[in-house]
Amino acid sequence: MTKLGTATHPNQDRATSKAARWRFATTAAVLSAVSAVGLVTAAPASAAVKQTCGTYICVATAYQGTRYVQDITVFTRDGLPGTLRAFAGDYRNSRANDDRHVFSVNRELGQPGSGRLAVCGGLDRSGRVIENHCVLIP
């Protein structure tokens, strides 16, 4: 009679250790892949966020250095929808009938050596410009 967990055949030890190595290798590969994805999607350590508010809207931006803009967030202070606009350098975009929107930019804007970069947002309602507001990044 054999005890539980002991090998009854000489090749059983080899098979069990082979299965254990396979599980270990698979687990290690999955953890490596998950870690790599986490590193790719994580925000860089050097990213900074700056936000200012006007009378009707707030504009926030995530940026790196003096020219690379990751995103521009524009939202209304009163929570009422309108056409939200984002613009900086040669980037222009808008979103109709929303009270908050994140515009994904992910590129370098402006000309090097031209001073501070103005990252702006705007609000239009009923075809009229209600407010334009800018964040200056160094």
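Here are some numbered notes on this structure, which is a predicted model.

1. **The overall layout.** Let's start with the whole chain. The protein chain contains 1 helix and 8 strands. Following the sequence from its start, you meet the elements in the order α-β-β-β-β-β-β-β-β. Try finding that pattern on the model before you go on to single residues.

2. **Inside and outside.** How much of the protein chain is buried? Of its 138 residues, 28% are buried. The chain exposes about 9,200 Å², and 57% of that area comes from carbon and sulfur atoms.

3. **Contacts along the sequence.** Take the contacts in the protein chain with a separation of 6 or more: 47% of them join residues 24 or more positions apart. Several such pairings turn up in the points below.

4. **The largest nonpolar core.** In soluble globular proteins, nonpolar side chains tend to be buried together. In this model, the largest nonpolar core has 18 residues, and Val69 and Ile72 have the most contacts inside it. Which elements give two or more residues to this core? They are β2 (57-64), β3, β4 (82-88), β6 (100-108), β7 (117-125) and β8 (128-137).

5. **Ile72 and its surroundings.** Setting aside residues up to four places away in sequence, Ile72 touches Val59, Ala60, Thr61, Ala86, Ala88, Tyr91, His101, Val102, Phe103, Val105, Val119 and Cys120. If you select Ile72 on the model, you can pick out these partners one by one. Remember that Ile72 is one of the two residues with the most contacts inside the largest core.

6. **Ile137, a buried residue in β8.** Ile137 is part of strand β8. Is Ile137 buried or exposed? Its relative accessibility is 0%, and buried means under 20%, so Ile137 counts as buried. Beyond the residues up to four places away in sequence, Ile137 touches Thr61, Tyr63, Thr66, Val69, Arg116, Leu117 and Val119. Val69 was already mentioned for its contacts inside the core. The C-alpha atoms of Ile137 and Val49 are 9.4 Å apart, although 88 residues separate the two along the chain.

7. **Ile130, also in β8.** Strand β8 is home to Ile130 too. With a relative accessible area of 34%, Ile130 is partly exposed. Outside its neighbours within four places in sequence, Ile130 is in contact with Tyr56, Leu123, Asp124 and Arg125. Between the C-alpha atoms of Ile130 and Gly82 there are 9.5 Å, while the two residues lie 48 residues apart along the chain.

8. **Phe75 and a charge over its ring.** Phe75 belongs to strand β3. Its relative accessible area is 17%, and because buried means under 20%, Phe75 is buried. What sits over the ring of Phe75? The charged end of Arg100 does, 4.7 Å from the centre of the ring. Arg100 is also among the contacts of Phe75 beyond four places in sequence, together with Gln51, Tyr56, Ile57, Cys58 and Asp99. Phe75 and Asp99 are 24 residues apart in sequence, yet their C-alpha atoms are 5.5 Å apart in space. As for rings pairing with other rings, the count for this model is 0 aromatic pairs.

9. **Thr76, next on the list.** Thr76 lies in strand β3, which covers residues 68-76. At 7% relative accessibility, Thr76 counts as buried. A polar atom of the Thr76 side chain lies 3.2 Å from the backbone nitrogen of Gly79. Leaving out neighbours within four places in sequence, the contacts of Thr76 are Tyr56, Ile57, Leu84, Asp99, Leu123 and Arg125.

10. **Two residues with a positive phi.** Where should you look for Asn97? Asn97 is in strand β5, residues 91-98. Its phi is positive, about 55°, although Asn97 is not a glycine. Ser126 is not a glycine either, and its phi is near 55°, a positive value. Ser126 sits in the loop between β7 and β8. Exposed means over 50% relative accessible area, so Asn97 at 63% counts as exposed. Ser126 is exposed as well, with a relative accessible area of 79%.

Methods: Residues are numbered from 1 along each chain as its sequence is written. This is a predicted model: local features need pLDDT of at least 70, side-chain atom pairs count only at pLDDT 80 or more; totals for chains, interfaces and linings use all residues. Side-chain values use heavy atoms; hydrogens and water are left out. Rings of Phe, Tyr and Trp (its six-membered ring) pair if their centres lie within 6.5 Å; planes under 30 degrees apart count as stacked, over 60 as edge-to-face and the rest as tilted. A charge sits over a ring if NZ of Lys or CZ of Arg is within 6 Å of the ring centre and within 35 degrees of the ring normal. Helices (H or I, at least four residues) and strands (E, at least two) are DSSP runs, numbered from the N terminus. Buried means under 20% relative accessible area, exposed over 50%, partly exposed in between (1.4 Å probe, protein chains only). A polar contact is a pair of N or O atoms within 3.5 Å; within protein, one must be able to donate a hydrogen and the other to accept it, and residues adjacent in sequence count only if both atoms are side-chain atoms. Contact means heavy atoms within 4.5 Å. A nonpolar core is a set of buried Ala, Val, Leu, Ile, Met, Phe, Trp, Tyr and Cys residues joined through side-chain atoms within 4.5 Å. Accessible areas come from the Shrake-Rupley method with a 1.4 Å probe; for residues, only the protein chains shown count as cover.
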